[in-house]
Structures are given as C-alpha cells and as structure tokens.
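Reader: Before I accept any label put on a structure, I would like to hear the reasoning behind it. Could you take me through some of the labels used here?

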Amino acid sequence: MLSDALILGLVCSAFGLDPSPGLDTPIACLHIAAEVSKVTDVYYPGSLPYDADNEHYASSSSQRSSCSVEPGSVGDVGTILRILGEMRTPFGVKGGGHATNPGFSSTTGVQIAMTRFKDITYDPKTQTAVIGAGNIWDDVYEVLNPRGANVLGGRAPGIGVAGFTLGGGYSWHSNQYGLAIDNVVAYELVMPNGKVTTVTAATDRDLFFSLKGGGKNFGIVTRFTLKTFHQGNIWGGTTVYPATVISAFTAAAVKFSSEVTDPKAAMLITFEYAARQIVLVTTMVYDGPVPPRGIFEDFLNMTTLRLDVKERSFVDLINSMPSKVTPRIISNDIPVSDYSKHTVDSLVEELKYWGEKLVFYNNAFVTYTLEPFLPTLFDHAGAGSSAYPGSRERLVLPTEVNLGWVSEGEDGVFHYAVREMTQKLGMVGASRYPNYAMYGTPVVDMYGEEGLKRMQDTRVRVDPDGVMQLTGGFKV
C-alpha cells in the first residue's frame with residue numbers, strides 16, 4: 001500500500017505542486033477525491049475548471065490553491081468539511097467570487113467552489129424562493145422576473161448570492177423590505193462537523209440570528225430560502241455628469257437624501273476621481289414604470305455626459321449597469337447618519353485629497369458612493385433579529401470607498417490609503433457594513449458587544465473544534 005508521502009510526491013510531480021508550504025494540503029485533496037461521490041470533482045493546476053474556481057472579481061482577491069473542489073451535493077460538502085477539519089487544512093469558500101478583501105473567499109489550501117449549487121425554485125403559494133449558494137443575482141432575476149416575482153438581492157451585475165446575503169445585503173428594494181437578511185426564511189447549512197441542517201428562527205434562534213450578517217463562521221450555507229414580492233417594470237438607469245456641475249450635483253444629493261420619502265425611490269450617488277479629474281455618476285431607480293414628479297428632476301435637468309434612464313425590466317436595469325474592474329481592488333465603509341451638506345462636502349474634500357495623491361499610479365481610481373435610505377430602513381425587522389447591524393435603534397448609511405489600481409507592488413499604498421480614508425470620517429460607534437469593511441476591521445464594530453458575545457457563544461456551540469476558523473472572512 002502506498003504511503004501518503006509517496007502519493008503526495010507523485011501527485012505534486014504530476015500537477016506541478018510544491019508540497020513544501022503545507023504537506024497536508026495536497027494530501028487533503030487526495031482524501032477528498034477518494035471519499036466524495038461522483039457528483040463532485042477535484043481539480044488541479046493546469047485545468048480550466050481549476051482556473052475558474054480560483055478566479056475572482058479582482059485578481060487581488062485571487063490565490064492559487066493546491067486544488068479546487070466543486071461539490072455537487074450537501075452530503076459531499078459535509079464530507080469535505082469533515083476531512084478539512086480533521087486534517088486542519090486551510091480552505092476557501094467561493095460563491096460569486098466578488099469579495100474585495102484578499103483571502104476572504106480564496107486560499108492557498110483547498111478552494112471550495114459552490115458552482116454546482118445553481119438551483120432556483122420559486123413557490124408562488126408561499127411566496128418564497130429557494131436559491132442555491134452558487135448563483136449570482138443576475139441568474140436569479142432572470143428566472144424570477146418573467147414570473148412577476150423578485151427577491152431582495154444585489155444592485156449590480158456579477159454579485160454572488162451567498163456573500164451578499166451572509167454579509168447583510170442592501171438592495172434597490174431596501175426602503176420597502178429591509179436588508180437581504182431581513183428576508184431570509186431559512187438556511188440550508190452544512191455544519192462544521194459535516195451534518196446538514198435547516199436553520200430557522202424556530203429551530204435554532206441564536207444560530208439564525210448569527211447567520212444574519214455573520215459570514216462564514218458557522219458552517220457552509222448551501223441554499224437560502226427568501227421571501228419574494230411582486231416585480232413589474234421599473235424606471236431607472238445610470239447617468240454620468242461632468243465635474244462642472246459638482247455644486248448642483250452635491251446640492252441635489254443632499255436634497256434627495258433629506259426630502260424624498262417615497263419608499264419606491266432609490267439611488268446610488270458616486271463621486272469618482274480618475275485620470276486627474278472628477279466624474280459624477282448616479283444610478284436612479286423607481287420601482288414602477290414612471291416616477292412621480294419632484295423626485296429625480298434635479299439630477300435629470302443637469303448637463304450629462306451619458307443619460308440612460310427609462311422604463312425597463314428589472315433584469316435590463318441590472319444588465320445595463322457599468323462594471324469597472326481594474327486588476328486590483330479594495331473597499332472600505334464609512335458609516336454616516338445622514339448626507340447633510342457638511343457630510344457630503346467632507347466626503348468630496350477627502351476624495352480630492354486622496355485622488356490627487358494616488359493619481360500618479362497607473363490607471364488608479366478612487367470612488368465614494370453615497371447610499372441614501374429612509375430612516376425606517378432598519379424597522380423592517382425587530383431589534384435583536386440579526387447580527388448586523390449591531391443596533392437597529394438609529395439609521396446607519398453605508399458609504400462605500402472603492403480603490404482600484406494595477407500593480408501588485410502597490411498594494412501597500414492603496415491598502416494604507418483606504419484605511420486612512422475611513423479614520424477621519426464616519427459616525428462614531430456606528431455599525432460598519434461587513435460586505436464593504438476592509439480586512440482588519442474589528443468585528444465588534446460590525447456587531448456590537450452584545451451581538452458579538454451571542455455570536456461567539458453560538459460559534460463555540462456549533463463549531464467547538466474551530467473548523468470554520470480555517471477559512472477566510474471576519475472571525476468572531
């Protein structure tokens with residue numbers, strides 16, 4: 001019988017693997033391949049599926065794993081987790097691969113790609129949809145919208161269902177229905193010990209709470225059951241403006257944030273510094289074929305470089321949104337209480353300051369995106385119903401800072417910059433949004449002391465051996 005060491009040597013030789021960084025990792029790949037069923041495959045460097053499994057939205061979020069695994073059943077996910085836990089092997093779990101933090105859904109160990117969990121089942125009687133963790137929201141909308149239904153999901157193309165929902169989930173429909181986590185009915189969860197369970201508020205209240213914003217701390221979610229709602233045609237699209245209208249643009253942003261109370265109206269308002277100039281961008285959305293007068297006129301009456309707003313399907317809206325990608329990206333969150341003139345002016349000043357500092361780097365850009373919501377945003381679920389936000393007693397508006405650049409050698413510069421940008425601005429004590437927050441952000445800043453303690457107690461109960469500590473993400 002061949003020893004593990006001999007098998008390891010043969011496999012590493014065949015696939016060009018280096019066994020020295022972690023001898024157990026290639027062996028774990030072999031054990032997984034030997035124990036999973038025929039619906040699951042293990043891939044190695046040099047194969048196209050391996051490359052796809054490790055690829056992320058930005059190269060700065062990607063790593064080269066020893067092998068990748070595409071599980072095809074929840075039973076096999078359990079087998080994989082059991083083996084990784086027993087061998088103490090680092091692993092990554094990738095849904096859509098849109099994480100901007102390095103190492104959060106990638107690994108140099110075993111990469112688990114949820115690619116085969118692409119099922120989408122709609123039940124009009126219960127007004128729910130069961131959605132596999134390998135989907136991106138584009139695919140979900142394509143299935144549901146022709147049936148006059150929708151779920152509370154991502155606002156741009158390419159966003160994965162799993163990461164978005166496990167981190168909180170702000171949507172075009174959040175003024176009407178809250179966050180994605182407020183609309184989860186059940187999680188199909190593979191526990192760290194390999195067992196499969198369905199988690200609801202009735203079956204395990206603390207675990208249900210912890211999964212609502214708690215990321216990959218409690219096992220691997222394979223399917224989400226979400227509430228659905230009616231979806232007809234909407235009005236909206238993306239508009240680009242020159243820097244010459246920045247005063248009027250800023251005034252319109254402040255006015256919309258403070259005066260518009262229609263829950264069907266939503267916006268993303270972006271200030272971008274790139275190529276030595278400021279560019280202004282909005283995405284305006286109204287959940288209906290025509291918005292009432294007085295909501296978007298200030299933005300529509302300005303000089304534009306590009307205007308693409310009209311009645312359209314929700315699917316068309318998502319497909320129409322531009323996607324700007326540089327090889328390397330990092331994000332962070334500035335939580336604010338409102339978008340007053342003082343707040344927006346301060347954000348613009350910071351944008352100019354850092355834009356001028358970073359403009360000398362090849363193809364670099366800096367964006368600040370304002371996300372105005374109604375004061376009732378957190379009222380769609382009760383106090384203590386979810387890990388994020390740490391408190392629902394006051395409104396917190398997530399403001400995404402996004403930096404892009406080209407060279408890996410400049411990572412330190414941009415990581416330092418995005419961290420510094422969030423030190424000066426933001427509401428003290430406000431919950432930071434896990435899906436935007438930069439690695440290294442204290443988890444207490446997302447969940448609060450009481451919520452964090454509840455999550456930690458739950459983690460110790462469901463994962464006493466610390467299996468999920470072997471994967472990326474914010475750890476509780």
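Author: What follows is a set of questions about labels in this predicted model, each answered by setting a value against its criterion.

Reader: What makes you speak of domain 1 and domain 2, and where do they lie?

Author: The bounds are those of a domain assignment, which gives residues 24-113 as domain 1 and residues 120-231 as domain 2. The C-alpha centres of domain 1 and domain 2 lie 22 Å apart.

Reader: How do you know which residues of domain 1 and domain 2 are in contact, and how many are there?

Author: Contact requires heavy atoms within 4.5 Å, and 11 residues of domain 1 are in contact with 17 residues of domain 2. Between them the two domains bury about 1000 Å², 74% of it on carbon and sulfur atoms. In domain 1, the residues that lose the most area to domain 2 are Val-74, Leu-81 and His-98, which together account for 44% of what that side buries.

Reader: How many salt bridges and polar contacts does the rule find across the interface of domain 1 and domain 2?

Author: The rule finds zero salt bridges across that interface, while one residue pair there is in polar contact, both residues being at pLDDT 80 or more. Helix H4, residues 74-87, gives the most to the side of domain 1 that touches domain 2, with four residues. By class, that side of domain 1 has six nonpolar, five polar and no charged residues.

Reader: Why is the pair of Arg-116 and Glu-70 called a salt bridge?

Author: The criterion asks for a side-chain nitrogen of Lys or Arg within 4 Å of a carboxyl oxygen of Asp or Glu; the closest N and O atoms of Arg-116 and Glu-70 are 3.0 Å apart, and the pair therefore qualifies. Arg-116 lies in the loop between strand E4 and strand E5, and Glu-70 in strand E2, so the pair ties together parts that are 46 residues apart in sequence. A search of the whole structure finds 19 salt bridges.

Reader: What makes Arg-88 and the bond from Tyr-388 to Pro-389 worth pointing out?

Author: Most residues other than glycine have a negative phi, and most peptide bonds are trans. Arg-88, in the loop between H4 and strand E3, has a positive phi of about 55° although it is not a glycine. The peptide bond from Tyr-388 to Pro-389 is cis, with omega near -5°, and Pro-389 is placed in the loop between strand E17 and strand E18.

Methods
Residues numbered from 1 in each chain as written. Predicted model: local features only at pLDDT ≥ 70, side-chain atom pairs only at ≥ 80, totals over all residues. Heavy atoms only, no water. Domains from an automatic or database assignment. Buried area = accessible area lost by both parts, 1.4 Å probe. Polar contact = N/O pair within 3.5 Å; in protein donor to acceptor, adjacent residues only side chain to side chain. Helix = DSSP H or I, 4+ residues; strand = E, 2+ residues; numbered from the N terminus. Nonpolar A, V, L, I, M, F, W, Y, C, P; charged D, E, K, R; others polar.
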